[in-house]
Amino acid sequence: MSKPEQTLDVTVWRGTAAGGELETHKVPAHDNQTVLDVVSWIQHHSDPTLTYRFACRVGMCGSCAMMVNGIPRWTCRTHVGKVVDEGKLTIEPLRNLPVIKDLAADMDAFFDKWVAAEGLHHPTQSRQDPIEPIDATTPARKQANAGIECINCAVCYAACDTVAGNPEYLGPAALQRAWTLLNDTRDGARATILDAVSGAGGCHNCHSMGSCTQYCPNELDPMSAIAGVKRETVRHALLRRKDA
Amino acid sequence: MKTPPRAHPLWLAFILHRLSGLALALFLPLHFWTLSRAITAPDSLDSFFALTELPMVKLAEFGLVFLLAVHLFGGLRLLALEFLPWSNSQKTLAAAAVGVAVLVSGSFFLNAI
Ligand code: FES
């Protein structure tokens with residue numbers, strides 16, 4: 001049990017794309033406190049120029065992910081008590097992304113790859129058509145239902161060593177999105193998606209290290225989704241050869 | 001920046017596969033060169049084979065068989081992962097690959113000594 005006078009040594013990264021450094025603050029410790037609470041306390045009471053990003057504070061929006069003691073996490077859903085290391089916390093911007101300022105990472109590359117993987121809906125019907133009934137019990141729909149729980153927080157992207165080694169690699173989130181659409185009967189661009197995810201930066205870069213699945217705060221399994229995408233691209237390539 | 005801890009089973013399976021693959025790639029040229037001496041220099045090959053009685057060499061052979069087995073079974077797991085319907089027991093399968101490799105190389109070692 002921490003008493004009110006106890007403090008945490010919180011080290012936050014300060015800087016911009018041009019460079020930066022770590023800076024330590026003393027923050028009052030409480031029994032119930034999230035990492036986001038700690039970051040907010042620093043901004044409210046210690047240094048108002050600290051930049052960070054959050055919105056919902058309940059694990060819905062995916063904007064608050066940061067590196068906490070070296071692990072990518074949703075700061076709003078991470079209890080300090082669970083991650084504090086001998087009274088110390090080190091908070092840094094997400095790995096594998098450029099930084100804008102302090103703890104706010106530049107998410108452009110992440111979202112650009114989502115689009116590059118054709119992670120957008122390709123409609124098969126218009127609003128004039130009657131609503132298409134979807135069978136929620138098919139295996140494919142179950143896969144798609146799992147995938148749509150992704151909230152684009154980029155924790156998997158920050159955890160992935162393949163992204164770290166190859167900046168072109170689309171990454172776990174974008175590939176899982178592709179898998180979701182491949183399993184969605186309402187999506188009409190199967191071949192386009194498969195082409196998009198089988199190129200140089202595509203799914204075949206994945207070494208199945210599984211850090212995405214290990215660290216996903218939503219307990220999704222991008223690694224299995226990527227394996228699914230790999231299977232489909234191979235099947236598609238073989239079928240295409242037969243048709244040609 | 002610190003990298004996220006990698007000591008989780010599938011990352012370890014990845015690094016084991018990569019390192020065993022590299023080690024085998026380094027070993028293969030040596031292996032072929034030695035074999036080629038059966039034609040080019042049979043006498044020196046015989047004296048080389050005498051070395052295989054040394055305990056250190058036996059231990060190294062055990063290591064080699066382990067590398068081969070772990071790369072083979074780990075590779076089978078990866079092929080299954082990429083081409084067969086998904087199985088959720090990847091960690092168990094990775095552990096099993098290492099287990100079988102230990103078994104194979106262990107019985108090779110016991111046979112050799
Ligand atoms: S603030 Fe929305 S997920 Fe953390």
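Helices here are DSSP runs of H or I, at least four residues in length, numbered from the N terminus. With that settled, I note that I am working from a predicted model.

**Entry 1: B:S20**

I looked up B:S20 first and found this serine in helix α1 of chain B, which covers residues 9-40. Is B:S20 buried or exposed? Its relative accessibility is 1%, and because buried means under 20%, B:S20 counts as buried. I then asked which residues B:S20 touches once those up to four places away in sequence are set aside, and I noted B:L67, B:V70 and B:H71. With B:H71 there is also a polar contact, made from side chain to side chain at 3.0 Å.

**Entry 2: annotated segments of chain B**

I checked the UniProt record next, an unreviewed entry, and it lists residues 62-80 and 92-110 of chain B under "transmembrane region". I compared this annotation with the model, segment by segment. Over residues 62-80 of chain B I read 100% helix and 0% strand, with the end C-alpha atoms 27 Å apart. Over residues 92-110 of chain B I again read 100% helix and 0% strand, and here the end C-alpha atoms are 26 Å apart.

**Entry 3: the two domains of chain A**

Turning to chain A, I noted its division into domain 1, residues 7-105, and domain 2, residues 108-243. The C-alpha centres of these two domains of chain A lie 30 Å apart, and their contact takes 14 residues from domain 1 and 17 residues from domain 2. I recorded about 1,200 Å² buried between domain 1 and domain 2 of chain A, with 66% of that area on carbon and sulfur atoms. Which three residues supply more than any other three of the area that domain 1 of chain A buries against domain 2? They are A:W74, A:R95 and A:N96, which together supply 46% of it.

For the polar side of this interface, I counted 4 residue pairs in polar contact between domain 1 and domain 2 of chain A, both residues of each pair being at pLDDT 80 or more. The elements that give two or more residues to the side of domain 1 touching domain 2 are β3 (65-68) and β4 (71-74) of chain A, and β4(A) gives the largest share, 4 residues. The rule finds 1 salt bridge across this domain interface. I also looked up A:R95 and found a salt bridge with A:D161, in which the closest N and O atoms are 2.7 Å apart.

**Entry 4: chain A against chain B**

I finished with the interface between the chains, where 26 residues of chain A are in contact with 20 residues of chain B. The area buried between chain A and chain B is about 1,900 Å², and carbon and sulfur atoms give 61% of it. How many salt bridges does the rule find across the interface of chain A and chain B? It finds 2 salt bridges, and I noted one between A:D161 and B:R6, with the closest N and O atoms 2.8 Å apart. A:D161 therefore appears twice in my notes, since a salt bridge needs a Lys or Arg side-chain nitrogen within 4 Å of a carboxyl oxygen of Asp or Glu, and A:D161 meets this with A:R95 and with B:R6.

I also recorded 7 residue pairs in polar contact across the interface of chain A and chain B, both residues at pLDDT 80 or more. On the side of chain A that touches chain B, at least two residues each come from β4, α5 (155-159), α9 (211-215) and α10 (222-243) of chain A, and α10(A) gives the most, with 6 residues.

Key: Residues are numbered from 1 along each chain as its sequence is written. Chains are lettered from A and ligands numbered from 1 in the order in which they are written. This is a predicted model: local features need pLDDT of at least 70, side-chain atom pairs count only at pLDDT 80 or more; totals for chains, interfaces and linings use all residues. Side-chain values use heavy atoms; hydrogens and water are left out. UniProt positions are given in the numbering used here, feature names are shortened, and annotations may be inferred rather than shown by experiment. Buried means under 20% relative accessible area, exposed over 50%, partly exposed in between (1.4 Å probe, protein chains only). A polar contact is a pair of N or O atoms within 3.5 Å; within protein, one must be able to donate a hydrogen and the other to accept it, and residues adjacent in sequence count only if both atoms are side-chain atoms. Contact means heavy atoms within 4.5 Å. Domain bounds come from an automatic or database domain assignment. Buried area is the accessible area (1.4 Å probe) that two parts lose on being put together, summed over both.
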